[in-house]
Every structure is written in C-alpha cells, then in structure tokens.
Amino acid sequence: MEKEVQFKGIIPPVSTVFDSEGNLDKNGTGRLIDFLIESGVDGLFFLGTGGEFSQMSVKERKEAAEFAVGYVDRRVPVLIGTGSTSTRESVDLSLHAQQIGADAVVVINPYYWTLTEDNLFQHYSEIAASVDMPILLYNFPNLTGQDLTPDLVLRLVETHYNIVGIKETVDTAGHIREMILKVKKKHPHFSVLCGFDDHLFNTLSLGGDGAISASANFAPELTVGIYREFKNGKLDEALKLHRNLSPIPLMYQLDSPFVNVVKEAIKMTGIEISTHVLPPARELSPEKKQKLAKLLGEIGIVRN
C-alpha cells in the first residue's frame, strides 16, 4: 500500500511568547495556539527560526516543547524543532520530543561548519536512527550557509523510512521544483512545504504540499485561504489571496532577526501577547512599528 502524505497544508512556525524576564509566557503562548487552531491550520511547528530556538538553552527548549505538546492536546499535529550545531544535542532533543508525544521533529542542518555531504548525511542518519518518529528536514541556506540539495535529500529519504518531508525556506521556485521532481515524484508521500509566504501558490501549483511560513502567525486567513481555495479548484480565488499576501515579505525587511516584527504583527492584528524577544534580537523601534502598522493596514489585516 502506498504511503500517504503525513504533513500538508498550513503549519505555522509558532512564535514563542516570553515575559519581560525572558521566561516562557504560557498564557500568551496558549492564547496564540488557540487562535491558530481556531483559524483552521493543519498543524503547529514550535521552536523553529521564529520560535527563537537559537537563543534558547536546551532546558528552555525542552520546557517550551513540553508545554506545546500538552497544551495543544492532540487538537492538531505538533512538530518540534530539534536542530542544533551538535549532532548529540539534536539527538537528545529529538528523543525528548518523542518521549513527550510530539508528532514529528523538524531538523535544520548545523549552521556553523560547512559539512561535507558525507558528514551531513551521517548527521541526519544518526538523528533518524535515534528515534522512531517522522522527521522533516529544514533547509534554510541563507542562515545555515549550506543547502540541502535534492540529491542529498533523495539519498536520505531512500535510506531512512522516517524522513518524510522538508521545509524549503529558499527564495527560488526552481529549488522547490527540483525537490518535487527529484524526491516527491519518486516518493509521493514526501512532503514539500515552502518556508517563504509568497512561494505558497507556486509550491502548490508545482505539486507541493503547503507552507510553514511566518505570516500564518498573524494572517492565517490568507495562507489557509490560499491552500483551501487551491485544493477546491478555485484558482482565481486562491490567486486573489496570493496577491494580497505578496507584500508581507516586505515586513521582514524591517529588522533582523525579524522575530520582533512577527510578534508585533501578532499584537497589532488583535492577539494580546508580550512582544519581548530574546537577545540578540531587540524590540522593534517606534519608527519601524509605524511602518509595520502601515503595511498591515494596506493589506487589510485588522481584528478587534
């Protein structure tokens, strides 16, 4: 029997909400989780780039993962980011995610050393062998300095049964297309999910499965809408929503890291959360907040 795609649709990379002391704000995070589930998302990805995992200790990451799995309580699939510069640490975090009942882990490649392909293959192989749960690869070459090529991904998928998808945070349709043609065409159960908001429509049109993109935190109606209209064959409606979504990447140019931009957008669109971020990220300046509010107003994303 042919395996089915396990992860598809819109899976927001959930912002981790912190209090002013940098501790996990469970009330705020819970509020955001409830809003996203009520908005019709197909899963939730915690401790990704927007979840500020790279600024958190292992202890803090495990605390956030435990809270997420418990609070979501099987309402939608929960994916936990377990990537690290250390293979041992990634194995430890992945085992922890499995023990607490996560549905999958998402593993970005090490982001300090540029690895040989064999060493990169071995890194993922050790993680895959350590757990009996689905693994999604996370390709973000702008931040890691190293691309996960379709050829390497195909090799991993054909070696490890539990590597079942990839988050393609690449700003080129060509890379996504090649991932679909080289990997998904041969293994239809393999999920290809874009990481940038404005690549959702073309990812779906190329035969991909959806998106794990930041705007779903504050404008899930756009990405959820695009996915649903596309799947229902209403391409004109999906295209209208895509055009409405297209200015959103301009927001991410307001600051770097842009985790502060996403949190401010969440708050501006009606979800009451703390916008505290962990350093080296910093609070968004008043001038940049004004620019963000203007962009959100132009797109028409306002809730009360």
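## What counts as a ring pair

Rings of Phe, Tyr and Trp (its six-membered ring) pair if their centres lie within 6.5 Å. With that in hand, welcome to the aromatic side of this predicted model. A search of the whole structure turns up eight aromatic pairs.

## A cluster of four rings

Let us start with a group of linked rings. Phe45, Tyr138, Phe140 and Phe196 are joined into a cluster by ring pairs.

One link in this picture is between Phe45 and Tyr138, which meet edge-to-face, with 6.1 Å from centre to centre and 75° between the planes. Phe45 belongs to strand S3 (residues 44-46) and Tyr138 to strand S6 (residues 135-139), so this pair ties together parts that lie 93 residues apart in sequence.

Tyr138 also pairs with Phe140: the ring centres are 6.2 Å apart. The planes of Tyr138 and Phe140 are at 25°, so this pair is stacked, because planes under 30 degrees apart count as stacked.

## Buried or exposed?

Three members of the cluster can be checked for how much of them is accessible. Phe45 is buried, at a relative accessible area of 0%. Tyr138 is buried too, with a value of 2%, and Phe140 is likewise buried, with 8%.

## A charge over a ring

Rings can also have a charged partner. Here, Arg155 lies over the face of Phe121, 3.8 Å from the ring centre.

How values were computed. Residues are numbered from 1 along each chain as its sequence is written. This is a predicted model: local features need pLDDT of at least 70, side-chain atom pairs count only at pLDDT 80 or more; totals for chains, interfaces and linings use all residues. Side-chain values use heavy atoms; hydrogens and water are left out. Rings of Phe, Tyr and Trp (its six-membered ring) pair if their centres lie within 6.5 Å; planes under 30 degrees apart count as stacked, over 60 as edge-to-face and the rest as tilted. Helices (H or I, at least four residues) and strands (E, at least two) are DSSP runs, numbered from the N terminus. Buried means under 20% relative accessible area, exposed over 50%, partly exposed in between (1.4 Å probe, protein chains only). A charge sits over a ring if NZ of Lys or CZ of Arg is within 6 Å of the ring centre and within 35 degrees of the ring normal.
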